[in-house]
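Me: I should like to learn how features of a protein model are read. Could we work through some cases together?

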Amino acid sequence: MKLQPIMKFAQMIISTMVFCVLLSACESSSGKVETIDAEVSSELIKLAERSYLLKLPADYQAENKYKLLLVFHGSGGNALEMGSVARFEQYSNEYIVAYPNSKEVEWDEGCECNIAHRKNANDLGFVDAVIADIKKQHQISEGEIYAAGFSQGGLFTQNLACNRSEVFKAVAVVAGSMSVQLAESCAPEEAVSVMMVHGEDDTVLPYHGLVHSNFGLISSPDAIVLHANKHGRLPYPLYEVSAEKKVNILKYNNGTQKFHLYTAVNGGHNWRFNGFDTSGQILHFFSTLSQAELPEYSQLVVTEQGQFHVRAMGLNNPGPAVVLLAGPNYNYHSDSAWFAALQPLLAQQYRVYSIDRLGNAFSSSANNVSYHRFSDDLALVLQQLEETQLMLVAFSSGSISARWFYQKYQQQFDIKAMVYIDPDIPLAHSLSLYQGYPANWYQANLAELVPFIAEGNWTGRTKDKLDIEYSELKQLAAAYNVQVDWSYFEQIIQRRLLIPQQQARAIEIANYIEDLDGYASLPMVSTIPVSVIDSDFEQQQINQAQDEPELMAALQLWQQEGSAWSAEQASLSNGQYIELHDSDHLVSVQQPKTIKQALDWLFSQLQLP
C-alpha cells in the first residue's frame, strides 16, 4: 500500500487547517455580537490523559440549570484557539460551554481512515466522559445538550449526529461536509437537528465534495439531505436567498427537527463570513428549534384556543379585510394551500387574510375540530388581528364556518358581504350524499382510527394522494395560465403528512355529519349580499357513473339541487349568481380572476374603498 501520497495529502490539509484556524481567530465579526460585560469563568479540566476547556456563564449560579454546548476545534488546533474564535460564552448566559482537546492531531470523524482512528483515540467515548464529568459538577437541563465543530471538528460533529443522536438535541457543522464512509454508515437512533455552514469556495474541505480513494467527501447539500432523510423529512424545502447574495439557506424539516444548510456565497474555509456571525446564528438555530419555519407573509396568532396560522397580504390596502376560509377537495384536504394563486392576486387591491383551522397547516392541534367550531375560533383570531370590517370568502365546506360566524357574530363584526364558492348545499338530497360514505364510516370508526393513524399507517397513502393532487394542480394552473405561489403551496400541503394533521382531518370528517345538521337548521342569509360561484364540477362524477344509472341520477339531482339553492341564495340577498361551465371544483386555482371579479362587484355595489 502506498501511504506516502496519502500522508502528504493529509499533511497539506492539516497545515492549511491550522493556518485557517489561526487566521479565523484574528478575524473580527462584521455581524452584531451581544457581548456580556462580566468576566466569564474559564478553566482547563484534566480528564484522565485528556482535557477540555470549560467556560461558565458570566452570572453562573450553581443551583441553576444550564444548557451544555460542546465545541470541537479543527485539525491541528486546540481548545484555546477554538474558544478564541467561537466565543459562544460571550453570546448567552444560558449555556455552559466546553471546548474539548483532541488526543491526536485530528478527531475520529467516522471515515475510519485517519490518524485518530488508527491510534484508537476513542473520541466518541471521550465526549461521553466530558458530558458525564460536567454533569457531576453542574446542573444540565434535561435534553439540552448541543455540539458545534469547525473544519475537521465539524466532520467529527457529523459523527456525533450519526452515532450519539440520543445524546444531542442539535449539532452545528462549520466549514465541513461529511466523509463518504460516514455517509454510508450513518444510522442515528434518535432524531437530531442539524445546521451546516459552509463557504461555497472552500478549497480545504470542498463544499461540493471531494473524490479521493482514502478521504472522500460528499457535498454539503447532499449531507444536509442525508440527515433530513434519516429523520423522515417533509418533501419540500424552503429556500431563502440573501438579498445581498452573501449567505443562502436551504431548510428542511420533519415537523419537529430542522435541517438547515447556510451557504456562504464566495466564502472560503472560515468560521465566520462577511455579514454572517456564525456563533450568533448557531445559537439562534438552537434556541428556535421548536418554532416552525413559516413561509413569507405567515404568522401564528395566539388565542386562548391555540395558535392559528394566518397568511396576511396587502396589509396597506384600505377597506374591509377579505378573509379566505378553506374547504375540502375530494381527499378532504382543506387548508390555505388552495389560496396560493388567489390570495396574491387579491392582495394587489385588498387586505387579505387566509386563516387555517386548528389541525391544519401550521395551526396547533386540537382534539375536537370542526367547521362549526372554527366559527368561534375565527372570532378570536380576528379580534387579535384587530379586524372588524370584513368580507368573507368561503370555499366548499368553508361555507359552514362562514354561515355560523355570521349567525353568531354579526353584531360584533361589521360583515359587509360573503362570497360562497361551491358551498355545501343544506337540502335533503345533498345532505344525504354528504353524510354518507366516507363521513359515516369515519364517525363510526374514529375511536380506533386515531391511534391507528398515530402509528403512521396512513402516511404513505397520504403522500401518494398529495403527489397526485400536486400533479393535477400543476396541470390545471398551466392550462389556464394561472400564477401560483408554488413555494407556499408546497410548504402547506406537506404539513398534511404530519400525524397530528392526519388525525385532525379524520376528526373533522367524523364531525362533518353534525356540522351539516347544524348548518341545515340555519335560514338563508338575506340581510347582506351573498354572491355564489357555482361550478359544474359534479359533471365529472356524473360522467364517470354512466354505467351506474342509480348513482348517476343521484349525482344529477345533487347538481340540480345545488344550482337551484345557490341561485336562490344569491337572489334573496341581492348578490350575484355566477355559473361556471367546464369547471374544476378548485375554482381558486383554475379561475382566481372570477373570484376577484365577484369581490370587485360587491365592493362596487356597497361603495367600499
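Reply: Let us begin with burial: a residue is called buried when its relative accessible area is under 20%, and exposed when that area is over 50%. Please keep in mind that this is a predicted model.

Me: By that rule, is S363 buried or exposed, and why?

Reply: S363 has a relative accessibility of 4%, and therefore counts as buried. The residue sits in the loop that runs between β16 (351-355) and α10 (371-385).

Me: What does the side chain of S363 reach, and which residues is S363 in contact with beyond its neighbours in sequence?

Reply: Its side chain reaches the backbone nitrogen of H309 at 2.8 Å. With neighbours within four places in sequence left aside, the contacts of S363 are Q307, F308, H309, D356, R357, L358 and Q501.

Me: Where is S573 found, and is S573 buried or exposed?

Reply: S573 belongs to the loop between α18 (549-572) and β20 (577-579). Its relative accessibility is 3%, so S573 counts as buried. A polar atom of the S573 side chain lies 2.9 Å from the backbone oxygen of Q569. Beyond four places in sequence, S573 is in contact with V525, S526, I528, P529 and V530.

Me: How should one read the faces of a helix?

Reply: An α-helix has 3.6 residues a turn, so residues three or four places apart point the same way. Helix α14 (residues 459-479) serves as the case here: its 21 residues reach 30 Å from the first C-alpha to the last, close to the 30 Å expected at 1.5 Å a residue.

Me: Which residues of α14 are buried, and why do they line one face?

Reply: The buried residues of α14 are T462, L466, E469, Y470, L473, L476 and A477. Viewed down the axis of α14, these residues fall within an arc of 130 degrees, so they line one face of the helix. They pack against α15 (486-493), α16 (499-520) and α19 (587-590). The face turned away from the buried side carries the exposed residues Q475, A478 and A479. Just after α14, N481 takes a positive phi of about 55 degrees.

Me: How is enclosed space found, and how many cavities of 30 Å³ or more are there?

Reply: Rolling a probe the size of a water molecule over the atoms shows where empty space is left. In this model the count is 3 cavities of 30 Å³ or more, and the largest cavity holds about 70 Å³ of space.

Me: Which residues line the largest cavity?

Reply: The lining consists of P328, Y332, S334, R357, Y371, S397, R505, E508, I509 and Y512. Helix α16 supplies the largest share of that lining, 4 residues.

Methods:
Residues are numbered from 1 along each chain as its sequence is written. This is a predicted model: local features need pLDDT of at least 70, side-chain atom pairs count only at pLDDT 80 or more; totals for chains, interfaces and linings use all residues. Side-chain values use heavy atoms; hydrogens and water are left out. Helices (H or I, at least four residues) and strands (E, at least two) are DSSP runs, numbered from the N terminus. The expected span of a helix is 1.5 Å times one less than its number of residues. Buried means under 20% relative accessible area, exposed over 50%, partly exposed in between (1.4 Å probe, protein chains only). The arc is that of the directions from the helix axis to the C-beta atoms. Contact means heavy atoms within 4.5 Å. A polar contact is a pair of N or O atoms within 3.5 Å; within protein, one must be able to donate a hydrogen and the other to accept it, and residues adjacent in sequence count only if both atoms are side-chain atoms. On a 1 Å grid over the protein atoms alone, a cavity is a set of points where a 1.4 Å probe fits but cannot get out, and a pocket is an open set with protein on both sides within 12 Å along at least five of seven lines; lining residues have an atom within 4 Å of a point. Grid points are joined across faces, edges and corners, and a volume is the space filled by probe spheres set on the points.
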